[in-house]
Amino acid sequence: MPGEQGKVLIAGGYGQVGRVMAHELSSQFPGQVIVAGRNRTKAEALATEFGNGTQARQIDVFASGMLEKFLDDVCLVIMCLNQGEVSFVRTCLELGIHYIDLSAQYDFQTKVESLDTVAKEHGATALLSVGLTPGLSNLLAAYAKKQFDDLTHLDIFIMLGLGDVHGHAAIAWLVDHLDAEFFVHDGGLPLKVKSFNESRACHFPGISEKRTAFRFNFSDQHVIPETLKIPSVSTWLCFDSSFVTRVISMLARRGIGRLVRLKILRALTINLLSKFRMGSDICTVKVQAHGLINGEQTLREYHVTGHGEAKLTGLVAAEAAKLVMRGGQPKGVFHIEQLVSPGGFIHQLITLDPRFSYDLAGYCNSGPST
Ligand SMILES: NC(=O)c1ccc[n+]([C@@H]2O[C@H](COP(=O)([O-])OP(=O)(O)OC[C@H]3O[C@@H](n4cnc5c(N)ncnc54)[C@H](OP(=O)(O)O)[C@@H]3O)[C@@H](O)[C@H]2O)c1
């Protein structure tokens, strides 16, 4: 299989996550990678830094019309920014261009899912839920599903380091969801919940005391019940500082989410948070799975941990891009767990950076999260 011969355009390619991908892919696909964004100078600087024939392209994905001319040599677009609408995605798929998206926004993902027929008709593959959460969380869930005879309940725990450099778009997404109301699947039924209104205590690898993590509206908990048929799924978020997690959860419950919807306060908050550094750059995603194995009620845990959220996210996307570039993937719209074999993918990912590790043995010493 010769694989795809066109170029990989990384939209948002000089952002925190995009640059990790651009670096990884430029050495694998010399002369085929394009770093794209609205700022030509930034794109050119990164392309020059990475070498290997990496190109720069100025593009605004929200500009109306004429996007086709920016895409005529492209076979894969990787989207590293948040979109509300799918007109750009539709353009890509109608041109037969494969598409990878890192969004954690479920309503956006469902809009892309509705383009499944368009993708099939034009011979394109679109891959959603790529990154950490969603992404690795979906893959750990898929791995867990394979170990159980009947997996009934899954909790996904995310810990983010406040000493890490998080991209503007990633922070903006968190700020915009501080007080989100949403439905989770609970025993197969919809249950209305709210970000930060409920918590679970959880052990994270390498940290002795339990941490309290709070509900947050990541898309994985909405997608996994559909793709993996697990009846109860919830996602819980905390930061490496218990103090800051408590303060943010308290502010969220007292309505800070409403305040930061004011344009000027939103910009200020995002700016402040992108400069704020405290603690480590740890980043962990862990799933806790409950169900039946050999007729016995069983609890198992699986995790991936490391340093640098943007690095881990970008490398997941780069591995997904390599898969698409190798060719031979089915056409249509998929979530990562529908195309990728989870154990092999996670193992391969960990080999890319010695600061990452995983545990897929499943043994659970900590008891159920409370
Ligand atoms: N799935 C996961 O686990 C996960 C984890 C982290 C992040 N993410 C997602 O990954 C994406 C990237 O996050 P990040 O942390 O890398 O953000 P970032 O550092 O802010 O990067 C965003 C990039 O997009 C570019 N951009 C913004 N608007 C654009 C437009 N209209 N047209 C073209 N380029 C545009 C920006 O450059 P200019 O402003 O100069 O154009 C910037 O380079 C976000 O969607 C985030 O939600 C997902």
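Helices (H or I, at least four residues) and strands (E, at least two) are DSSP runs, numbered from the N terminus. The model is predicted: local features need pLDDT of at least 70, side-chain atom pairs count only at pLDDT 80 or more, and totals for chains, interfaces and linings use all residues. Residue numbers start from 1 along each chain as its sequence is written.

**View 1. The shell around the ligand.** Helix H1 (16-28), H6, helix H7 (168-176) and H12 each contribute at least two residues to this shell. The ligand is surrounded by 33 residues, of which Gly 12, Gly 15, Gly 131, Gly 167 and Ala 169 come nearest; a residue is near a molecule if its C-beta atom, placed from the backbone, lies within 6 Å of it. Because domain 1 (7-130 + 312-340) and domain 2 (132-308 + 347-359) both give residues to the shell, the ligand lies between them. Domain bounds come from an automatic or database domain assignment.

**View 2. The crossing of helices H6 and H12.** The axes of H6 (residues 132-147) and H12 (residues 309-326) come within 9 Å and cross at roughly 65 degrees. Axes are lines fitted to C-alpha atoms, for helices over the stretch in contact, with angles from 0 to 180 degrees between N-to-C directions.

**View 3. Strand E14 and its partners.** Strands E13 (residues 282-293) and E14 (residues 296-307) run antiparallel and are joined by 12 bridges; two strands pair if DSSP finds at least two bridges between them. His 307 in E14 is the bridge partner of Ile 282. E14 is also joined to strand E16 (residues 357-359) by 3 bridges, again antiparallel, with Thr 305 opposite Ser 357 in E16.
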